[in-house]
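Open the model in your viewer and show it as a cartoon with side chains available. The tour goes from the whole chain to selected pairs of charged residues.

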Amino acid sequence: MKSISCCFSGHRQIRPQDEDTIKARLSSQIASLISHGITRFYCGGALGFDTLAAICVLEQKRLNNNISLIMALPCKSQTKYFNKYEKQTYEHILSQADEVIYTSEKYLPGCMQLRNRYMVDNCSHCICYMRKETGGTYYTSRYARERGIDVIYI
């Protein structure tokens, strides 16, 4: 399954003026991977890039029902600080996902990193939106490169 799988990693903050461009590039990369046999897409459920990636996968799924969205989530309380709209979007995405996996039952230090490693360890490709070389996205893209994963930067 690893050879036909892709995960996503990106910042939670996306500048509003960049969102349309990022979404277009993301959709294009997902479509390209699908045309090369990638059918499983792992998404971490965070705000920002993760949410955008899940939405793009669901849009592609309407065109090709042979693909799967797997939500790999760090803990069941991930939405604790989400606002009402963010929670509604999250719940809608989960309701459309083919599979939901929790890498930890409750929030623990390091559970986000555990989720990121789980996704990378189960994929052959990783699409990243990274504007700075610090934080979780930087760590995840470095981890993926160290493991020989094809990292595609948006």
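A residue is called buried here when its relative accessible area is under 20%, exposed when over 50%, and partly exposed in between. The model is predicted. By that cut-off, 49% of the 154 residues in the protein are buried.

**Whole chain.** Colour by secondary structure. You should find five helices and six strands, in the order β-α-β-α-β-α-β-α-β-α-β from the N terminus. Along the principal axes, the C-alpha atoms fill a box of roughly 35 × 35 × 35 Å. The radius of gyration is 14 Å, which agrees with the value near 15 Å for a compact globule of 154 residues. Of the contacts with a separation of 6 or more, 79% are between residues 24 or more positions apart.

**Surface.** Switch on the accessible surface. Its area is about 8,100 Å², and carbon and sulfur atoms account for 48% of that.

**Charges.** Select the charged side chains: 20 are positive and 14 negative, with the centres of the two sets 4 Å apart. The structure holds seven salt bridges; three of the stops below are among them.

**Stop 1: lysine 61 and aspartate 98.** These side chains form a salt bridge, at 3.1 Å from N to O. Lysine 61 sits in helix α2 (residues 49-63) and aspartate 98 in the loop between α3 (84-96) and β4 (99-102), so the bridge ties together parts 37 residues apart in sequence. Is each partner buried or exposed? Lysine 61, at 19% relative accessible area, is buried, while aspartate 98, at 43%, is partly exposed.

**Stop 2: glutamate 105 and lysine 76.** Here the closest N and O atoms of the salt bridge are 3.3 Å apart. The pair links distant parts of the chain, 29 residues apart: glutamate 105 is in the loop between β4 and α4 (111-121), and lysine 76 in the loop between β3 (68-73) and α3. Glutamate 105 is exposed, with a relative accessible area of 55%.

**Stop 3: glutamate 146 and arginine 142.** Go to helix α5 (residues 135-146), where the two residues are four positions apart and therefore separated by about one helical turn. Their salt bridge has its closest N and O atoms 3.6 Å apart. Glutamate 146 counts as exposed at 53% relative accessibility, and arginine 142 is partly exposed at 32%. Now add Arg147 to the selection: Arg142, Glu146 and Arg147 are linked in a network of salt bridges.

Notes:
Residues numbered from 1 in each chain as written. Predicted model: local features only at pLDDT ≥ 70, side-chain atom pairs only at ≥ 80, totals over all residues. Heavy atoms only, no water. Rg over C-alpha atoms; globule rule 2.2 N^0.38 Å. Buried < 20%, exposed > 50% of the residue type's maximum accessible area, 1.4 Å probe, protein only. Contact = heavy atoms within 4.5 Å. Areas by Shrake-Rupley, 256 points an atom, 1.4 Å probe, with all protein chains shown as cover. Lys, Arg positive; Asp, Glu negative; His and termini not counted. Charge placed at Lys NZ, Arg CZ, Asp CG, Glu CD. Salt bridge = Lys/Arg side-chain N within 4 Å of Asp/Glu carboxyl O.
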